[in-house]
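Reader: I am new to protein structures, and I would like a close look at one part of this one. Please take me to the nonpolar core, and show me what is built around it.

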Amino acid sequence: MSIKVVYFASLKELLGHSETLLPTPTSTVSVIDIWQQANPDLTIPSNTLAAVNMEYVSLEYPIADNDEVAFFPPVTGG
Amino acid sequence: MIKITANAFNPYTEIQQHQAQQSGLQGKFGATSLFIGTMRDFNEGQTVQSMTLEHYPKMTENQLGKIVSEAQQQWALLDSLIIHRIGEVSPDDSLVLVAVWSSHRGDAFDASRFIMEALKSRVPFWKKEQLTNNQQQWVAKNTDGYQNS
(Lines give C-alpha, C1' and ligand atoms only; values in the text may rest on other atoms or scores of the structure.)
Protein backbone atom coordinates (compact mmCIF):
# COMPACT_ATOMS: atom_id res chain seq x y z
CA MET A 1 0.00 0.00 0.00
CA SER A 2 1.34 3.40 -0.89
CA ILE A 3 0.66 6.97 -1.96
CA LYS A 4 1.46 7.82 -5.57
CA VAL A 5 2.68 11.37 -6.11
CA VAL A 6 2.76 12.75 -9.66
CA TYR A 7 4.07 16.01 -11.12
CA PHE A 8 3.44 17.78 -14.39
CA ALA A 9 4.88 20.42 -16.72
CA SER A 10 7.40 22.89 -15.27
CA LEU A 11 7.15 21.31 -11.82
CA LYS A 12 8.11 17.92 -13.25
CA GLU A 13 11.13 19.52 -14.92
CA LEU A 14 12.10 21.37 -11.76
CA LEU A 15 12.07 18.15 -9.74
CA GLY A 16 13.62 16.01 -12.46
CA HIS A 17 11.02 13.24 -12.20
CA SER A 18 7.33 12.71 -12.83
CA GLU A 19 6.37 10.30 -10.09
CA THR A 20 7.23 9.16 -6.57
CA LEU A 21 5.79 6.39 -4.45
CA LEU A 22 5.55 7.06 -0.73
CA PRO A 23 4.78 4.48 1.94
CA THR A 24 1.36 4.78 3.52
CA PRO A 25 1.58 7.29 6.37
CA THR A 26 1.03 5.93 9.85
CA SER A 27 -0.90 9.01 10.94
CA THR A 28 -3.35 11.45 9.32
CA VAL A 29 -1.57 13.62 6.77
CA SER A 30 -2.62 16.34 4.34
CA VAL A 31 -1.58 17.19 0.80
CA ILE A 32 1.10 19.62 1.99
CA ASP A 33 2.53 16.94 4.30
CA ILE A 34 2.87 14.67 1.26
CA TRP A 35 4.76 17.41 -0.62
CA GLN A 36 7.13 17.91 2.30
CA GLN A 37 7.71 14.20 2.67
CA ALA A 38 8.42 13.79 -1.04
CA ASN A 39 10.46 17.01 -1.35
CA PRO A 40 12.02 17.73 2.04
CA ASP A 41 14.48 20.27 0.65
CA LEU A 42 12.05 22.29 -1.48
CA THR A 43 9.28 24.64 -0.40
CA ILE A 44 6.24 24.17 -2.56
CA PRO A 45 6.13 26.91 -5.25
CA SER A 46 3.45 29.47 -4.41
CA ASN A 47 1.33 28.96 -7.52
CA THR A 48 1.23 25.14 -7.29
CA LEU A 49 -2.16 23.46 -7.73
CA ALA A 50 -2.99 20.12 -6.13
CA ALA A 51 -5.36 17.30 -6.98
CA VAL A 52 -6.22 14.07 -5.20
CA ASN A 53 -7.59 11.26 -7.35
CA MET A 54 -7.96 13.82 -10.15
CA GLU A 55 -10.11 16.31 -8.24
CA TYR A 56 -8.79 19.74 -7.21
CA VAL A 57 -8.18 20.01 -3.48
CA SER A 58 -6.63 22.45 -1.01
CA LEU A 59 -3.22 21.80 0.51
CA GLU A 60 -4.96 20.92 3.76
CA TYR A 61 -6.99 18.08 2.21
CA PRO A 62 -6.51 14.77 4.10
CA ILE A 63 -4.87 11.86 2.30
CA ALA A 64 -6.05 8.24 2.38
CA ASP A 65 -4.23 5.05 1.47
CA ASN A 66 -3.84 4.44 -2.29
CA ASP A 67 -4.61 8.07 -3.14
CA GLU A 68 -2.96 9.61 -6.18
CA VAL A 69 -1.70 13.07 -5.27
CA ALA A 70 -0.82 15.44 -8.13
CA PHE A 71 1.07 18.73 -8.06
CA PHE A 72 1.22 21.04 -11.06
CA PRO A 73 1.54 24.70 -12.12
CA PRO A 74 -1.42 26.82 -13.34
CA VAL A 75 -3.05 25.20 -16.35
CA THR A 76 -2.54 26.76 -19.78
CA GLY A 77 -4.68 24.79 -22.23
CA GLY A 78 -7.03 26.01 -24.90
CA MET B 1 -18.44 14.03 -26.88
CA ILE B 2 -14.94 14.75 -25.61
CA LYS B 3 -11.82 13.90 -27.60
CA ILE B 4 -8.17 14.39 -26.68
CA THR B 5 -5.96 13.78 -29.69
CA ALA B 6 -2.28 13.81 -30.59
CA ASN B 7 -3.23 14.09 -34.27
CA ALA B 8 -3.93 17.25 -36.24
CA PHE B 9 -7.68 17.74 -36.74
CA ASN B 10 -9.88 19.82 -38.99
CA PRO B 11 -12.53 21.36 -36.72
CA TYR B 12 -14.96 21.99 -39.58
CA THR B 13 -14.83 18.37 -40.73
CA GLU B 14 -15.24 17.18 -37.15
CA ILE B 15 -18.31 19.37 -36.67
CA GLN B 16 -19.91 18.18 -39.89
CA GLN B 17 -19.25 14.52 -39.13
CA HIS B 18 -20.47 14.79 -35.55
CA GLN B 19 -23.63 16.62 -36.54
CA ALA B 20 -24.40 14.07 -39.27
CA GLN B 21 -24.02 11.20 -36.79
CA GLN B 22 -26.31 12.68 -34.12
CA SER B 23 -29.75 11.73 -35.37
CA GLY B 24 -31.33 13.31 -32.30
CA LEU B 25 -30.25 16.72 -33.51
CA GLN B 26 -32.08 16.59 -36.83
CA GLY B 27 -34.87 19.13 -36.96
CA LYS B 28 -34.29 20.11 -33.33
CA PHE B 29 -31.33 22.48 -33.30
CA GLY B 30 -31.68 26.11 -34.21
CA ALA B 31 -28.31 27.28 -32.96
CA THR B 32 -24.75 26.02 -33.16
CA SER B 33 -22.01 27.99 -31.43
CA LEU B 34 -18.36 27.24 -32.17
CA PHE B 35 -15.08 28.27 -30.67
CA ILE B 36 -11.89 27.21 -32.41
CA GLY B 37 -8.53 27.97 -30.82
CA THR B 38 -5.59 28.05 -33.23
CA MET B 39 -1.86 28.20 -32.55
CA ARG B 40 -0.28 31.60 -33.19
CA ASP B 41 3.34 32.10 -34.22
CA PHE B 42 3.83 34.78 -31.57
CA ASN B 43 3.28 35.16 -27.85
CA GLU B 44 4.17 38.01 -25.52
CA GLY B 45 6.46 39.65 -28.06
CA GLN B 46 8.34 36.49 -29.03
CA THR B 47 8.24 34.37 -32.18
CA VAL B 48 7.07 30.84 -31.48
CA GLN B 49 8.21 28.06 -33.80
CA SER B 50 6.29 25.15 -32.31
CA MET B 51 4.68 24.06 -29.09
CA THR B 52 4.22 20.92 -27.01
CA LEU B 53 0.97 20.35 -25.16
CA GLU B 54 1.13 18.15 -22.08
CA HIS B 55 -1.86 16.96 -20.07
CA TYR B 56 -2.84 14.88 -17.06
CA PRO B 57 -4.60 11.86 -18.59
CA LYS B 58 -7.96 10.96 -17.02
CA MET B 59 -8.11 14.16 -14.95
CA THR B 60 -8.39 16.04 -18.24
CA GLU B 61 -11.40 13.99 -19.34
CA ASN B 62 -12.91 14.09 -15.82
CA GLN B 63 -12.70 17.86 -15.63
CA LEU B 64 -14.08 18.37 -19.13
CA GLY B 65 -16.97 16.03 -18.31
CA LYS B 66 -17.78 18.02 -15.19
CA ILE B 67 -17.68 21.29 -17.12
CA VAL B 68 -20.07 19.96 -19.76
CA SER B 69 -22.41 18.72 -16.99
CA GLU B 70 -22.36 22.16 -15.38
CA ALA B 71 -23.18 23.75 -18.74
CA GLN B 72 -26.05 21.30 -19.28
CA GLN B 73 -27.50 22.26 -15.90
CA GLN B 74 -27.42 25.96 -16.73
CA TRP B 75 -28.45 26.00 -20.38
CA ALA B 76 -30.74 23.96 -22.62
CA LEU B 77 -28.13 22.10 -24.68
CA LEU B 78 -28.91 19.39 -27.18
CA ASP B 79 -25.32 18.27 -27.71
CA SER B 80 -21.70 19.29 -27.43
CA LEU B 81 -18.36 18.37 -29.00
CA ILE B 82 -15.03 19.25 -27.43
CA ILE B 83 -11.71 18.36 -29.04
CA HIS B 84 -8.32 19.29 -27.60
CA ARG B 85 -4.94 18.67 -29.13
CA ILE B 86 -1.93 17.31 -27.23
CA GLY B 87 1.68 16.66 -28.28
CA GLU B 88 3.67 18.62 -30.85
CA VAL B 89 1.80 21.41 -32.61
CA SER B 90 2.74 24.02 -35.21
CA PRO B 91 1.41 27.49 -35.99
CA ASP B 92 -2.02 27.39 -37.68
CA ASP B 93 -2.83 24.00 -36.11
CA SER B 94 -6.20 23.86 -34.37
CA LEU B 95 -5.66 23.44 -30.63
CA VAL B 96 -9.19 23.30 -29.31
CA LEU B 97 -12.75 23.06 -30.58
CA VAL B 98 -15.82 23.75 -28.47
CA ALA B 99 -19.11 23.26 -30.33
CA VAL B 100 -22.55 23.28 -28.76
CA TRP B 101 -25.95 22.70 -30.27
CA SER B 102 -29.18 24.06 -28.83
CA SER B 103 -32.61 25.10 -30.01
CA HIS B 104 -31.96 28.79 -29.31
CA ARG B 105 -28.93 31.08 -29.70
CA GLY B 106 -28.75 32.35 -26.14
CA ASP B 107 -28.09 28.90 -24.75
CA ALA B 108 -25.57 28.13 -27.49
CA PHE B 109 -23.59 31.39 -27.12
CA ASP B 110 -23.52 31.34 -23.33
CA ALA B 111 -22.71 27.66 -22.95
CA SER B 112 -19.85 27.71 -25.47
CA ARG B 113 -18.29 30.70 -23.72
CA PHE B 114 -18.71 29.07 -20.32
CA ILE B 115 -17.17 25.78 -21.47
CA MET B 116 -14.20 27.52 -23.10
CA GLU B 117 -13.44 29.77 -20.12
CA ALA B 118 -13.77 26.85 -17.69
CA LEU B 119 -11.47 24.75 -19.88
CA LYS B 120 -8.88 27.53 -19.79
CA SER B 121 -8.91 27.80 -16.02
CA ARG B 122 -9.57 24.23 -14.82
CA VAL B 123 -8.54 21.52 -17.28
CA PRO B 124 -4.97 20.26 -16.76
CA PHE B 125 -3.22 21.05 -20.03
CA TRP B 126 0.13 22.86 -20.23
CA LYS B 127 1.92 24.50 -23.15
CA LYS B 128 5.66 24.60 -23.70
CA GLU B 129 6.83 26.92 -26.45
CA GLN B 130 9.81 26.37 -28.72
CA LEU B 131 11.03 29.81 -29.72
CA THR B 132 12.92 30.67 -32.91
CA ASN B 133 16.02 31.56 -30.87
CA ASN B 134 16.25 27.89 -29.79
CA GLN B 135 14.96 28.67 -26.30
CA GLN B 136 12.07 26.80 -24.72
CA GLN B 137 9.65 28.17 -22.17
CA TRP B 138 6.52 27.03 -20.37
CA VAL B 139 3.52 29.31 -20.73
CA ALA B 140 3.15 30.53 -17.16
CA LYS B 141 -0.57 31.27 -17.11
CA ASN B 142 -3.52 31.91 -19.36
CA THR B 143 -4.58 35.48 -20.07
CA ASP B 144 -8.11 36.87 -19.77
CA GLY B 145 -8.48 36.46 -23.53
CA TYR B 146 -8.30 40.08 -24.62
CA GLN B 147 -5.40 41.66 -26.51
CA ASN B 148 -5.64 45.04 -24.81
CA SER B 149 -6.07 44.22 -21.16
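Author: Start with two words. Helices are DSSP runs of H or I with at least four residues, strands are DSSP runs of E with at least two, and the numbering goes from the N terminus. Keep in mind that this is a predicted model.

Now the parts list. Chain B has 3 helices and 9 strands. Read from the N terminus, its order is β-α-β-β-β-α-β-β-β-α-β-β. Chain A has 2 helices and 5 strands. Its order from the N terminus is β-α-β-α-β-β-β. Chain A is as compact as a globular protein of its length, because its radius of gyration of 12 Å is close to the 12 Å that the globule rule gives for 78 residues. Chain B agrees with the rule too: a compact globule of 149 residues would have a radius of gyration near 15 Å, and chain B has 16 Å.

Boxes help you picture this. Taken along the principal axes, the C-alpha atoms of chain A fill roughly 40 × 25 × 20 Å. Those of chain B fill roughly 55 × 30 × 30 Å. Buried residues make up 28% of chain A and 29% of chain B. Look at contacts between residues at least 6 apart in sequence. In chain A, 53% of them join residues at least 24 apart. In chain B, the share for residues 24 or more positions apart is 74%.

Next, the core itself. In soluble globular proteins, nonpolar side chains tend to be buried together. Here the largest nonpolar core has 45 residues. Those with the most contacts inside it are Phe8(A), Val69(A), Ala70(A), Phe72(A), Val98(B) and Ile115(B). Strand S7 of chain B, residues 94–102, gives the largest share, with 7 residues.

Take Phe8(A) from that list. Set aside its neighbours within four places in sequence. Phe8(A) then contacts Ala70(A) and Phe72(A) in its own chain. It also contacts Glu54(B), Tyr56(B), Pro124(B) and Trp126(B) across in chain B.

That brings in the contact between the chains. It takes 13 residues from chain A and 22 from chain B. On the chain A side, helix H1 (9–15) and strand S5 (68–72) each supply at least two residues. Sort that side by class, and you get 9 nonpolar, 4 polar and no charged residues.

Stay with S5(A). This strand is mostly covered, with 4 of its 5 residues buried. It has partners as well. Strand S1 (2–7) of chain A runs parallel to S5(A), joined by 4 bridges. S3(A) runs antiparallel to S5(A), again with 4 bridges. Find Val69(A), one of the core residues with the most contacts. Val5(A) is bridged to Val69(A). Val52(A) stands opposite Val69(A).

Now cross to chain B and find Ile115(B). It is one of the buried residues of helix H3(B). The others are Asp107(B), Ala108(B), Ala111(B), Ser112(B), Met116(B), Leu119(B) and Lys120(B). Check their spacing as you read the numbers. An α-helix has 3.6 residues a turn, so residues three or four places apart point the same way. H3(B) has 18 residues and reaches 25 Å from first C-alpha to last, close to the 26 Å expected at 1.5 Å a residue. Its buried residues pack against strand S2 (31–38), H2, S5 and S7 of chain B.

H2(B) is the next stop. This helix covers residues 59–74, 16 in number, and spans 23 Å, close to the expected 22 Å. Buried in H2(B) are Met59(B), Thr60(B), Gln63(B), Leu64(B), Ile67(B), Val68(B) and Ala71(B). Their cover includes S3 (49–52) of chain A. From chain B it includes strands S1 (2–5), S4 (46–55), S5 (77–85) and S8 (125–131), along with helix H3 (105–122).

Last, a contrast. Thr38(B) lies in strand S2 of chain B. It counts as exposed because 12 other C-beta atoms lie within 10 Å of its own, and the cut-off for exposed is 12 or fewer. Thr38(B) still has contacts beyond its sequence neighbours: Asp92(B), Ser94(B) and Leu95(B). The C-alpha atoms of Thr38(B) and Ser90(B) are separated by 9.5 Å, with the two residues 52 apart along the chain.

Definitions and conventions
Residues are numbered from 1 along each chain as its sequence is written. Chains are lettered from A and ligands numbered from 1 in the order in which they are written. This is a predicted model: local features need pLDDT of at least 70, side-chain atom pairs count only at pLDDT 80 or more; totals for chains, interfaces and linings use all residues. The expected span of a helix is 1.5 Å times one less than its number of residues. A residue is buried if 20 or more other C-beta atoms lie within 10 Å of its own, exposed if 12 or fewer, and partly exposed in between; C-beta atoms are placed from the backbone. Two residues are in contact if their C-beta atoms, placed from the backbone, lie within 7 Å. Ala, Val, Leu, Ile, Met, Phe, Trp, Tyr, Cys and Pro count as nonpolar, Asp, Glu, Lys and Arg as charged, and the others, Gly among them, as polar. The radius of gyration is taken over C-alpha atoms; the globule rule is 2.2 Å times the number of residues to the power 0.38. A nonpolar core is a set of buried Ala, Val, Leu, Ile, Met, Phe, Trp, Tyr and Cys residues joined through C-beta atoms within 7 Å. Two strands pair if DSSP finds at least two bridges between them.
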